[in-house]
Structures are given as C-alpha cells and as structure tokens.
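I opened this model to look up one residue first, then the helix, the core and the chain overall. My entries follow in that order.

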Amino acid sequence: MSDFITGKNAHLRLDNAAGTPTDISSYITSLTPTSNTEEFGVKVWKAERVAKVAGFKEEDWEIKGPWTPEADTFWRGIAGEDEGKGINYEFGPDGDAAGKTKFTGTANATHYEIDETSAEGVVNYTARLSILTKVVGTFSA
C-alpha cells in the first residue's frame, strides 16, 4: 500500500495578470476540486431501462488562504478579468519534486473575495478557478 501524503508540500503555479508563471503556494491553505459530468437519459422503444450517456464535464477549484497584500494583488489582477481567462496552471498535490504527480492545463480565474474579518482569527480569502483543460504527468528534474 502506498504512503499517504499531507498537503503541506503542495505546489500551485498560475499565470499572473502579466502572463508570468507565479508560484502562489505560500498564499494557499486549501485547494478543493469539485467536478461534475452531465448525464442525459435516453429512452428508446421497447427498452426496459433508461440508458444514460455522459455529456459535458466541468471542474472547479476553490482555493483558500490567508489574505496578504501580495495575495490580494495577485488575485485581483486576474479574477473575473480578461487577464484571468485561459491562464496556465501547474499543480502538484505532493510538491514539485522530480517524479511527483503534476496536473497542468488552462483555467479561468472566476472569483476572488476577502472572507470574514474578525478580531478572533486570521483574515482569509477565497478564489475559484474553472478548469478548461487538464493533463496528468510527472515533474521532471
């Protein structure tokens, strides 16, 4: 059985507003992917069951982290802006060392907001990426 990993070594690089790949791993505490595939029911004559076929796929990543001026500048420059359409990403859930799993592709930065600010905790932000393309590979040396 494989060893389990923690997220502490995770790596995310995204294009900034100028199109420059930027490692934003130090601005992130969590990345939660959600995906969905539409299903269409096909009902044909004399069939006892509905056949389901897969339709469009969608995948979104919700990214959370501590708010900093640097994180704010990064996300405000791309979220919901033309500069945030079709940006490149590189994600390594277990880091970016050679041989580790790597997801690359393009995404749209669709959302950014500062979460609740209170005297009892850290100010955080939430951002979202809509994944357009995704390729699975490994990091090289």
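Entry 1, threonine 126. I looked up whether threonine 126 is buried or exposed. Its relative accessible area is 4%; the cut-off for buried is under 20%, so threonine 126 counts as buried. I note that the model is a predicted one, and that I read every value with that in mind.

I then placed the residue in the chain: threonine 126 belongs to strand E7, residues 124-131. Next I asked which side chain it makes a polar contact with. The partner is aspartate 115, and the contact between the two side chains is 2.8 Å. I also listed the contacts of threonine 126, leaving aside neighbours within four places in sequence. They are Glu62, Ile63, Lys64, His111, Tyr112, Glu113 and Asp115.

Entry 2, helix H1. I went through residues 69-76, which form H1, and found Ala71, Asp72, Phe74 and Trp75 buried. Viewed down the helix axis, the buried residues of H1 lie within an arc of 165 degrees, so they line one face of the helix. Pro69 and Thr73 are exposed, on the other side of H1.

What do the buried residues of H1 pack against? I found strands E1 (11-15), E2 (21-23), E4 (51-66) and E6 (101-114), together with E7. E7 is also the strand that holds threonine 126.

Entry 3, the core. I looked up the largest nonpolar core and noted 22 residues in it. Leu14, Trp75, Tyr125 and Leu129 have the most contacts inside this core. I then checked which elements supply at least two residues each: E1, E4, H1, E5 (87-92), E6 and E7 do. Trp75 also appears among the buried residues of H1.

Entry 4, the chain. I counted one helix and eight strands. Their order from the N terminus is β-β-β-β-α-β-β-β-β. The radius of gyration is 19 Å, well over the 14 Å that the globule rule gives for 141 residues, so the chain is more spread out than a compact globule. I noted the span of the C-alpha trace along its principal axes as about 65 × 35 × 35 Å.

Of the 141 residues, 26% are buried. Among contacts with a separation of 6 or more, 63% are between residues 24 or more positions apart. I closed with the accessible surface, which comes to about 9,400 Å²; carbon and sulfur atoms account for 51% of that surface.

How values were computed. Residues are numbered from 1 along each chain as its sequence is written. This is a predicted model: local features need pLDDT of at least 70, side-chain atom pairs count only at pLDDT 80 or more; totals for chains, interfaces and linings use all residues. Side-chain values use heavy atoms; hydrogens and water are left out. Helices (H or I, at least four residues) and strands (E, at least two) are DSSP runs, numbered from the N terminus. Buried means under 20% relative accessible area, exposed over 50%, partly exposed in between (1.4 Å probe, protein chains only). A polar contact is a pair of N or O atoms within 3.5 Å; within protein, one must be able to donate a hydrogen and the other to accept it, and residues adjacent in sequence count only if both atoms are side-chain atoms. Contact means heavy atoms within 4.5 Å. The arc is that of the directions from the helix axis to the C-beta atoms. A nonpolar core is a set of buried Ala, Val, Leu, Ile, Met, Phe, Trp, Tyr and Cys residues joined through side-chain atoms within 4.5 Å. The radius of gyration is taken over C-alpha atoms; the globule rule is 2.2 Å times the number of residues to the power 0.38. Accessible areas come from the Shrake-Rupley method with a 1.4 Å probe; for residues, only the protein chains shown count as cover.
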